[in-house]
Amino acid sequence: MVDKSNFATVQTDLDSLRSDDAAAPLVSAIIPCLNEERTLGICIRKALDVFAKRGLIGEVVVGDNGSSDRSVEIAESLGARVVHQRVKGYGAAISAAAEAARGKYLIMADADDSYDWSSLGDFIDALEDGAELVMGDRFAGGIEPGAMRPLHRYLGNPLLSTIARWLHQSPIHDFHCGMRGFTRDAFRRMGARSPGMEFASEMVINAHRAGLVIREVPIKLYPDKRGRPPHLRSFRDGWRHLRLIVAHAPNTMYLIPGATLLMAGTVGLAALAAGPVRIGGWYFGIHFVALSAMATLIGLSAILFGMLAKVAIAIYHPGHGGRIVPWLMRGRPLEWLVFSGGVLAAAGFVADVLLALHWIFVGGPMEQSVHLTFVITTACVAGMSMVLAGFVLKLLLDNLDDRRAF
């Protein structure tokens, strides 16, 4: 992630921004660019043609990421406004262009002519109809031969989109389509700030989190016309998408499975603390005690990490923390975790000492108390985990308070 303050390195065409007498555009076509001299002009002309045909005031804003070819010269010669972004990456270039755009509606797509800028009218119509984020759907609109590698078409995109839909309860079919439209207010509410290709995933995830009205429009994908390899790196960028999708799903990845495991584990420990049991002819012995202890500790850890993840997400995306973050901020989670975890750990340590004294001074086979030893050890580890997690949670909540104070 890159802090928005880093985008202060952007150098904007201030003369254009100061043109107070110019009417504010309805639509801004924003185009990320890195050495796209062969195709950038095609994309700009297509966007301008749509503006002219529809009789609307529009602008083209190019987010240049350090082009060393004639891209900037071509863009400016066609009347586009160029924003120079020093932070490298697709997301950084899009963010810079979007921040500088003046339109009510912002339409983004690549500069390689793989997305047909002539179809941006479909996005404008959807936005005019009430949508706040409009996603292109390449799989519904069609993919021309050679437009997408088989690895991406049949494995990468469908797999990542399926995972994202499941983890974030999203209906979006083409999660990583690069042609999108959104309102200026929606862009602010999404608050995406990833500098790389994973910016595309973050936009959709944050849009759902912000409760935006999202629609899809079918679009066709064409082979790019640059005559060189794309900037996209299959496994590097695929992993960056996947890790963001997973990290931003604390409910599905941490809290729900964590609560399930914790409940099952504690029930198992309670039932087996005194020794083996038989239920319906089935024998439940020491192995099930070990499994119950593992489930309890993994479940508790998942819940604690889930709470930390919730607060961490709310720090950079305030106002959309769901119910858990406000509940944590109203209460005293540090004190509660330290007290309850401390009591649990202390009780476990005391029980361990008593058990050791019993073995030393009374004797008897240790095998009879193995079940109880598992339960006591689990209590000690769980209690200490709660205490330590409480202090980390307090640090994050203080950070969240500081962010909301400004």
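Me: Helices and strands here are DSSP runs, with at least four residues for a helix (H or I) and at least two for a strand (E), numbered from the N terminus. Where does that leave Gln169?

Reply: In a loop. Gln169 sits between α7 and β6. Bear in mind that this is a predicted model.

Me: Why is Gln169 called exposed?

Reply: The cut-off for exposed is over 50% relative accessible area. Gln169 has 59%, so it counts as exposed.

Me: What makes its backbone worth a look?

Reply: The phi of Gln169 is positive, about 45°, and the residue is not a glycine. Most residues other than glycine have a negative phi.

Me: Which value of phi does Asp113 have?

Reply: Near 65°, again positive in a residue other than glycine. Asp113 is in the loop between β4 and α5.

Me: Why is Asp113 called buried?

Reply: Buried means under 20%. Asp113 has a relative accessible area of 3%, so the label holds.

Me: On to charges. How many salt bridges are there?

Reply: The structure holds 16. Side chains of opposite charge can pair when their charged atoms come close.

Me: What makes Lys46 and Asp116 a salt bridge?

Reply: The limit is 4 Å from a Lys or Arg side-chain nitrogen to an Asp or Glu carboxyl oxygen. Lys46 and Asp116 come to 3.4 Å, N to O, so they qualify. This pair links distant parts of the chain: Lys46 is in helix α2, Asp116 in the loop between β4 and α5, 70 residues apart.

Me: Why is Lys46 called partly exposed?

Reply: The label covers values between the 20% and 50% cut-offs. Lys46 has 22% relative accessibility, so it is partly exposed.

Me: What makes Glu59 and Arg102 a salt bridge?

Reply: Their side chains meet at 3.5 Å, N to O. That is within the 4 Å limit, so the pair counts. The partners are 43 residues apart, with Glu59 in strand β2 and Arg102 in the loop between α4 and β4.

Me: Why does Glu59 get the label buried, and Arg102 the label partly exposed?

Reply: Glu59 has 7% relative accessibility, under the 20% cut-off, so it is buried. Arg102 has a relative accessible area of 26%, between 20% and 50%, so it is partly exposed.

Me: What about Arg138 and Asp174: why is that a salt bridge?

Reply: The closest N and O atoms are 2.7 Å apart. The limit is 4 Å, so Arg138 and Asp174 pass. Arg138 lies in helix α6, and Asp174 lies in the loop between α7 and β6, 36 residues away. Arg138 and Asp174 are both buried.

Me: Which residues are joined into one network by salt bridges?

Reply: Lys46, Asp113, Asp116 and Lys225, through bridges that share partners.

Me: Now the interior. Which residues of the largest nonpolar core touch the most other members?

Reply: Val60, Val62, Trp117 and Leu120, out of 38 residues. At least two core residues each come from β1, α2, β2, α3, β4 and α5. The largest share, 6 residues, is from α2. Another core, of 35 residues, lies apart from it and includes Ile30, Ala207, Leu212 and Ala249.

Me: What does Leu120 touch?

Reply: Beyond residues up to four places away in sequence, Leu120 touches Ala47, Val50, Phe51, Ile107 and Met179.

Me: In soluble globular proteins, nonpolar side chains tend to be buried together. Which ones form a patch on the surface here?

Reply: Val350, Val353, Leu354, Leu357, Ile360, Phe361 and Val362. Together they have about 730 Å² of accessible area.

Me: Why is Leu354 called exposed?

Reply: Exposed begins over 50%, and Leu354 has 53%, so it makes the cut. Leu354 is in helix α14.

Me: What makes Ser369 buried?

Reply: Its relative accessible area is 11%, under the 20% cut-off, so Ser369 is buried. Ser369 is found in the loop between α14 and α15. Leaving aside neighbours within four places, Ser369 is in contact with Leu355 and Trp359.

Me: Last one. Why do Ser234 and His152 count as a polar contact?

Reply: Their side chains are joined at 2.7 Å. The distance limit is 3.5 Å, so the pair is within it. Ser234 lies in helix α10. Ser234 also touches Arg149 and Leu151.

Definitions and conventions. Residues numbered from 1 in each chain as written. Predicted model: local features only at pLDDT ≥ 70, side-chain atom pairs only at ≥ 80, totals over all residues. Heavy atoms only, no water. Patch = residues over 30% accessible without salt bridge, like charges linked within 9 Å, V, L, I, M, F, W, Y side chains within 5 Å. Areas by Shrake-Rupley, 256 points an atom, 1.4 Å probe, with all protein chains shown as cover. Buried < 20%, exposed > 50% of the residue type's maximum accessible area, 1.4 Å probe, protein only. Polar contact = N/O pair within 3.5 Å; in protein donor to acceptor, adjacent residues only side chain to side chain. Contact = heavy atoms within 4.5 Å. Core = buried A, V, L, I, M, F, W, Y, C linked by side-chain atoms within 4.5 Å.
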